[in-house]
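I open these notes with the structure itself, and my entries follow below.

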Amino acid sequence: MIDLSQKMQDAINEQIANEGFASNFYLALAYWCDDQALEGCKKFFMRQAEEERMHMLKLYGYMSESGICPVTPAIPQPPAQFDGIKDVFEKVFEQERKVTTSIHNLVKLAVSENDYNTQQFLQWYVDEQREEEAVIRTILDRIKIIGEGGQSLYYIDKEVDKINLEVMAAEAAE
Ligand code: FEO
């Protein structure tokens, strides 16, 4: 059993809500892409939605291991309207930056409380966020190179599909 302060419990519960929001956000994006016939992007976001759910469940597991019953949060509705695929990935980048900030704030709290278990547990999230941001940055760079509109959407979708396969291969190798 691990001792988690009330402050830390509240902060982890808040992170459960953040990861749950991220999962639903990606699910919404997957079906926005489906509606636009962007199959590669849909696959990318469906996998991301699963990943974020796993991030959320890991937090449930950590709280439970610490003898605390996690609070299952209400999750706000994610955005539904986007101004094209570049806008989608820019919003995804913003979303991931927010999650990175919230993870770093959790680490700061764990450090200030000398909570070594939580610090160590959170390191996985710090690494994960760095990797996720790098993937989205790569996609935004490719979108910039390909450009927008007409046939470029077809090439962007193919590129995202390729990146998705690379991410899956890298995860399988871990
Ligand atoms: Fe788990 Fe990408 O936030």
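Which residues have the most contacts inside the largest nonpolar core?

Conventions. I worked from a predicted model, in which local features need pLDDT of at least 70 and side-chain atom pairs count only at pLDDT 80 or more, while totals for chains, interfaces and linings use all residues. Residues are numbered from 1 along each chain as its sequence is written, and side-chain values use heavy atoms, with hydrogens and water left out.

Core. I looked up the largest nonpolar core (buried Ala, Val, Leu, Ile, Met, Phe, Trp, Tyr and Cys residues joined through side-chain atoms within 4.5 Å; buried means under 20% relative accessible area, 1.4 Å probe, protein chains only). The core has 26 residues, and those with the most contacts inside it are Leu29, Cys41, Phe45, Ile85, Val88, Phe89 and Val92. Two or more residues each come from helices H1 (6-35), H2 (39-65), H3 (85-112), H4 and H5; helices here are DSSP runs of H or I, at least four residues, numbered from the N terminus. H1 gives the most, with seven residues.

Helix H4. I then followed H4, residues 116-146: its 31 residues reach 46 Å from first C-alpha to last, close to the 45 Å expected (1.5 Å times one less than the number of residues). I noted a kink of about 25° centred on Leu122, the bend being the angle between axes fitted to the seven residues ending there and the seven starting there. Gly147, with a positive phi near 90°, follows H4.

Ile145. I found Ile145 in H4. Ile145 counts as exposed (over 50% relative accessible area) because its relative accessibility is 72%.
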